[in-house]
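Got a minute to go through a structure together? Here it comes, with some questions and answers to follow.

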Amino acid sequence: RISAQAQGSGDGGQILISTDSFLLTNQASLQAEAFSTGEGGLILINATTVLVDNGTINTNSESTSGGPAATGDSGSLDIQATDVTLRNGAELRSDSLSEGDGGDITIATSNLSLSGRDTSISAQAAGAGDGGFIQVDALDISLTDNASIKSDSSLSGEGGYIQITGENKVSLAGNGTRISAQAGGSGVGGQILITTESFTLTDKASLVAEAFASGEGGLILIDAATVLIDDSTVNTNSLAAPGSPPATGNSGALGIRATEVTLNNGAQLRSDSLSEGHGGDIKIETNELSLNGENTSITAQTTGTGEGGFIQVDAREVALTDRASIKTDSLRSGEGGFIAINSTQSVSVEGAGTSISAKAGGSGIGGAILIITDSFSLTNEASLDAEAFSSGDGGLILIDAPTVLVDNSIINTNS
């Protein structure tokens, strides 16, 4: 290892490496940690190629064994290279493992690749501090096979901030592969901003900015030419941690701006409240929005006492098929939410089980659905629902279109 640690109250030191090729393998490490009231140190790597294979680079702040809680923030880690590859459990860490905030990690490269279980870039806070800041600027960014980028908080702090710019593409693939800015305690979920030409989230990968207690869910923004989400999840939910009392925070917000947005095979955009808060806000601006397949959905629901959320879609064409859905339902005493779809050409909802709904499943009032388009079609047992199922009134459905075709399908605001 190469280390510049501070074992007492001082700040961690500085490590500067400049080379053509930098390799860190087989559990080797670079360390600029701080173990008391000082802040973590600084590590700078300037190279053409960087390979970290089952090695660790960290500027953490943490407590010594048996010592008092460390109060310093984590340090900073900066990599500038043409190619950066992390694999087989490699870790870039600027975590606070006590009471301080997570640190800062900056990577500027042409190609960034993360692969393998426990391979991660993290600026987390395990104590009362906030998650840190992670910034990646690259041409191509790829995460596979359980790799992750994380800026989570665990107790009262807020989730951190992750900003990813991939000029050509950002892709996440595989179960457990994720980018997250969660708040595990009472803090607000963090923020994730992704800007790229092509964004793909496939094979059970996820983007997560959840909150687990009294804090609200975070914010996720995706700005891309094409967005493909296939059998994967983007969520800013609020929910209770296992074994904890009900969460009271509202869900967060989720925004996508793209030329084409495609959700397939159980893909989910979620800003749900799975406890007592309100459903969140989801906004999509695109030319073409397509949802296909069972369990494929855009949802801002609430399963507790809160109201359903708000979903806004501004597009040229919107198509839902094969049991896909858009939902702002309330499943208990809250009112159903609001769905506004403005499409300059067409909105089509087709097939049994395919639906747009703002239902109130408990004592609340059914929600509202507003559709403005040139051509609206509801066919082959599809449905629009703003029902109320208990003491509440049925909701409101408004369709403003020159042509409306309803064929073997249902529009209802029943109570």
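Q: Is E381 buried, partly exposed or exposed?
A: First off, this is a predicted model. E381 sits in the loop between β31 (368-379) and β32 (383-385). Buried would need under 20% relative accessible area and exposed over 50%. E381 comes out at 49% relative accessibility, so the label is partly exposed.

Q: What is the phi of E381, in a residue other than glycine?
A: Most residues other than glycine have a negative phi. E381 goes the other way with a positive value, and its phi is near 75°.

Q: Which loop holds N408, and is N408 buried or exposed?
A: N408 also has a positive phi, about 55°, although it is not a glycine. Its place is the loop between β34 and β35 (410-412). The cut-off for exposed is over 50%. With a relative accessible area of 52%, N408 is therefore exposed.

Q: Which residues form a nonpolar patch on the surface with V404?
A: V404 belongs to strand β34 (residues 403-407). Its relative accessible area is 46%, so V404 is partly exposed. The patch has about 220 Å² of accessible area together, and the residues that form it with V404 are V406 and I411.

Q: How many helices and how many strands are there in the protein chain?
A: The elements brought up so far, such as β34, are strands. For the protein chain the count is zero helices and 35 strands.

Q: What radius of gyration does the protein chain have, next to that of a compact globule?
A: The C-alpha atoms fill a box of roughly 70 × 40 × 25 Å along the principal axes. For 415 residues, a compact globule would have a radius of gyration near 22 Å. The protein chain agrees with that, at 23 Å.

Q: What share of the contacts with a separation of 6 or more comes from residues 24 or more positions apart?
A: For background, 53% of the 415 residues count as buried. The protein chain exposes about 15,300 Å², and carbon and sulfur atoms supply 43% of that. As for the contacts with a separation of 6 or more, residues 24 or more positions apart account for 79%.

Q: Which residues touch the most other members of the largest nonpolar core?
A: This core has 86 residues. I57 is one of those that touch the most other members; leaving out residues up to four places away in sequence, the contacts of I57 include F22, L24, I43, V52 and L92. The full set with the most touches is I57, I121, I179, F199, L207, I298 and I356.

Q: Is T59 buried or exposed, and what is its relative accessibility?
A: T59 is in the loop between β5 (56-58) and β6 (76-80). Not counting residues up to four places away in sequence, T59 touches A32, G40, G41, L42, I43, S74, G75, S76, L77, R93 and S94. Anything under 20% counts as buried. T59 therefore counts as buried, at a relative accessibility of 0%.

Q: What distance separates the C-alpha atoms of T59 and Q5?
A: T59 and Q5 are 54 residues apart along the chain. In space, their C-alpha atoms are separated by 8.7 Å.

Q: Which core residue named above does S206 touch?
A: S206 is found in strand β17 (residues 206-208). Its 12% relative accessibility is under the cut-off, so S206 counts as buried. Among the residues S206 touches are L172, T177, R178, L201 and T233. Another, which is also on the list of core residues with the most touches, is I179.

Q: How many residues apart in sequence are the parts tied together by D231 and K204?
A: The side chains of D231 and K204 meet in a salt bridge (2.9 Å, N to O). D231 lies in the loop between β19 (226-230) and β20 (233-235), and K204 in the loop between β16 (191-202) and β17, so the pair ties together parts that are 27 residues apart.

Q: Is D272 buried or exposed?
A: D272 meets R270 in a salt bridge (2.9 Å, N to O). D272 has a relative accessible area of 2%, so it is buried.

Q: How many salt bridges does a search of the whole structure find?
A: Side chains of opposite charge can pair when their charged atoms come close. One such pair is E285 and K283, at 3.3 Å, N to O. Over the whole structure, the number of salt bridges found is eight.

Note on methods. Residues numbered from 1 in each chain as written. Predicted model: local features only at pLDDT ≥ 70, side-chain atom pairs only at ≥ 80, totals over all residues. Heavy atoms only, no water. Core = buried A, V, L, I, M, F, W, Y, C linked by side-chain atoms within 4.5 Å. Buried < 20%, exposed > 50% of the residue type's maximum accessible area, 1.4 Å probe, protein only. Contact = heavy atoms within 4.5 Å. Patch = residues over 30% accessible without salt bridge, like charges linked within 9 Å, V, L, I, M, F, W, Y side chains within 5 Å. Areas by Shrake-Rupley, 256 points an atom, 1.4 Å probe, with all protein chains shown as cover. Salt bridge = Lys/Arg side-chain N within 4 Å of Asp/Glu carboxyl O. Helix = DSSP H or I, 4+ residues; strand = E, 2+ residues; numbered from the N terminus. Rg over C-alpha atoms; globule rule 2.2 N^0.38 Å.
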